[in-house]
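Please look at the sequence and the model together while reading this report. It follows the strands, then one helix and its surroundings, and then a few single residues.

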Amino acid sequence: MKVTNYIRLSDFCQGHALEESFLYELHEVGLIVIVEVEQQPVLQTAELDRVERLVRLHRDLEIGPQGLLAVDHLLSRMEQLREEVLELRRRLNRWE
(Lines give C-alpha, C1' and ligand atoms only; values in the text may rest on other atoms or scores of the structure.)
Protein backbone atom coordinates (compact mmCIF):
# COMPACT_ATOMS: atom_id res chain seq x y z
CA MET A 1 0.00 0.00 0.00
CA LYS A 2 1.18 3.46 -0.82
CA VAL A 3 1.00 5.90 2.05
CA THR A 4 0.30 8.74 -0.41
CA ASN A 5 -3.13 7.22 -1.13
CA TYR A 6 -4.25 7.87 2.42
CA ILE A 7 -4.72 10.72 4.86
CA ARG A 8 -4.27 10.18 8.55
CA LEU A 9 -7.47 10.43 10.52
CA SER A 10 -5.85 12.85 12.96
CA ASP A 11 -4.78 15.17 10.11
CA PHE A 12 -8.26 15.14 8.58
CA CYS A 13 -9.89 15.87 11.94
CA GLN A 14 -7.44 18.63 12.74
CA GLY A 15 -8.00 20.26 9.34
CA HIS A 16 -11.78 20.14 9.79
CA ALA A 17 -11.88 20.90 13.54
CA LEU A 18 -13.60 17.58 14.07
CA GLU A 19 -13.51 14.93 16.77
CA GLU A 20 -12.15 11.55 15.66
CA SER A 21 -15.03 9.87 17.49
CA PHE A 22 -17.47 11.26 14.89
CA LEU A 23 -15.55 9.56 12.07
CA TYR A 24 -15.52 6.33 14.04
CA GLU A 25 -19.32 6.62 14.38
CA LEU A 26 -19.57 7.01 10.60
CA HIS A 27 -17.34 3.95 10.25
CA GLU A 28 -19.55 1.94 12.63
CA VAL A 29 -22.71 2.60 10.57
CA GLY A 30 -20.85 1.73 7.36
CA LEU A 31 -20.60 5.17 5.77
CA ILE A 32 -16.82 5.35 5.63
CA VAL A 33 -13.92 2.94 5.74
CA ILE A 34 -11.13 3.50 8.24
CA VAL A 35 -8.07 1.32 7.74
CA GLU A 36 -4.73 1.12 9.49
CA VAL A 37 -1.51 1.87 7.65
CA GLU A 38 1.71 1.79 9.59
CA GLN A 39 -0.33 1.41 12.80
CA GLN A 40 -2.22 4.66 12.19
CA PRO A 41 -5.92 5.01 11.30
CA VAL A 42 -6.31 6.51 7.84
CA LEU A 43 -8.93 7.41 5.23
CA GLN A 44 -8.50 6.69 1.54
CA THR A 45 -7.98 9.88 -0.45
CA ALA A 46 -10.50 8.59 -3.01
CA GLU A 47 -13.18 8.89 -0.30
CA LEU A 48 -12.29 12.41 0.83
CA ASP A 49 -14.96 14.22 -1.20
CA ARG A 50 -17.65 11.94 0.19
CA VAL A 51 -16.38 12.22 3.78
CA GLU A 52 -16.22 16.02 3.49
CA ARG A 53 -19.80 16.06 2.15
CA LEU A 54 -20.94 14.00 5.14
CA VAL A 55 -19.14 16.35 7.53
CA ARG A 56 -20.80 19.39 5.91
CA LEU A 57 -24.24 17.78 6.16
CA HIS A 58 -23.59 16.93 9.80
CA ARG A 59 -22.52 20.48 10.64
CA ASP A 60 -24.92 22.49 8.49
CA LEU A 61 -28.06 20.44 9.10
CA GLU A 62 -27.12 18.80 12.42
CA ILE A 63 -27.74 15.32 11.04
CA GLY A 64 -26.47 12.37 13.07
CA PRO A 65 -24.79 9.24 11.69
CA GLN A 66 -28.05 7.33 11.15
CA GLY A 67 -29.59 10.28 9.33
CA LEU A 68 -26.45 10.66 7.25
CA LEU A 69 -26.78 7.02 6.25
CA ALA A 70 -30.25 7.72 4.84
CA VAL A 71 -29.19 10.97 3.16
CA ASP A 72 -26.12 9.33 1.62
CA HIS A 73 -28.27 6.52 0.23
CA LEU A 74 -30.70 9.00 -1.31
CA LEU A 75 -27.90 11.10 -2.81
CA SER A 76 -26.28 7.99 -4.29
CA ARG A 77 -29.61 6.90 -5.76
CA MET A 78 -30.16 10.35 -7.25
CA GLU A 79 -26.74 10.19 -8.90
CA GLN A 80 -27.53 6.75 -10.34
CA LEU A 81 -30.81 8.03 -11.73
CA ARG A 82 -29.11 11.10 -13.21
CA GLU A 83 -26.60 8.88 -14.99
CA GLU A 84 -29.42 6.67 -16.25
CA VAL A 85 -31.29 9.68 -17.64
CA LEU A 86 -28.14 10.87 -19.42
CA GLU A 87 -27.64 7.42 -20.95
CA LEU A 88 -31.25 7.28 -22.10
CA ARG A 89 -30.94 10.74 -23.66
CA ARG A 90 -27.82 9.63 -25.55
CA ARG A 91 -29.69 6.59 -26.87
CA LEU A 92 -32.67 8.70 -27.85
CA ASN A 93 -30.48 11.19 -29.69
CA ARG A 94 -29.17 8.38 -31.90
CA TRP A 95 -32.69 7.86 -33.24
CA GLU A 96 -33.36 11.51 -34.05
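Two strands are said to pair if DSSP finds at least two bridges between them, and the helices (H or I, at least four residues) and strands (E, at least two) named below are DSSP runs, numbered from the N terminus. The model is a predicted one, in which local features need pLDDT of at least 70 and side-chain atom pairs count only at pLDDT 80 or more, while totals for chains, interfaces and linings use all residues. Residues are numbered from 1 along each chain as its sequence is written, and side-chain values use heavy atoms, with hydrogens and water left out.

**The strands**

Strands β1 and β3 pair in the antiparallel sense over three bridges, and within this pairing Tyr6 has Gln44 of β3 as its bridge partner. Strand β2, made of residues 35-37, also pairs with β3 in the antiparallel sense over three bridges, and here Glu36 stands opposite Pro41 of β3. The strands β2 and β3 form a hairpin with two residues between them, and Glu38 in the turn has a positive phi of about 55°. Gln39 is likewise found in the loop between β2 and β3, and its phi is near 60°, a positive value in a residue other than glycine.

**Helix α3 and its surroundings**

Helix α3 covers residues 48-61, which are 14 residues, and from its first C-alpha to its last it reaches 20 Å, close to the 20 Å expected at 1.5 Å a residue; the expected span is 1.5 Å times one less than the number of residues. Its buried residues are Leu48, Val51, Leu54, Val55 and Leu57, where buried means under 20% relative accessible area, exposed means over 50% and partly exposed lies in between (1.4 Å probe, protein chains only). Among the elements that cover these buried residues are β1 (6-8), α1 (9-15), α2 (20-28), β3 (40-44) and α4 (65-94).

How do α3 and α4 pack, and at what angle? They pack at an angle of about 125°, with their axes 11 Å apart; axes are lines fitted to C-alpha atoms, for helices over the stretch in contact, and angles run from 0 to 180 degrees between N-to-C directions. The helices α3 and α4 are therefore oblique to each other, since angles under 35 degrees count as roughly parallel, over 145 as roughly antiparallel, 65 to 115 as roughly perpendicular and the rest as oblique. The contact (heavy atoms within 4.5 Å) is made by Arg50, Arg53, Leu54, Leu57 and His58 of α3 and by Leu68, Val71, Asp72 and Leu75 of α4.

**Single residues**

The table sets four residues side by side.

| Residue | Place | Relative accessible area |
|---|---|---|
| Gln39 | loop between β2 and β3 | 75%, exposed |
| Glu47 | loop between β3 and α3 | 15%, buried |
| Arg50 | helix α3 | 24%, partly exposed |
| Glu62 | loop between α3 and α4 | 71%, exposed |

Leaving out residues up to four places away in sequence, Glu47 touches Ile32 and Val33, while Arg50, counted in that way, touches Leu31, Ile32 and Asp72. The C-alpha atoms of Arg50 and Leu31 are separated by 9.3 Å, and these residues are 19 residues apart along the chain. Glu62, just after α3, has a positive phi of about 55° although it is not a glycine.
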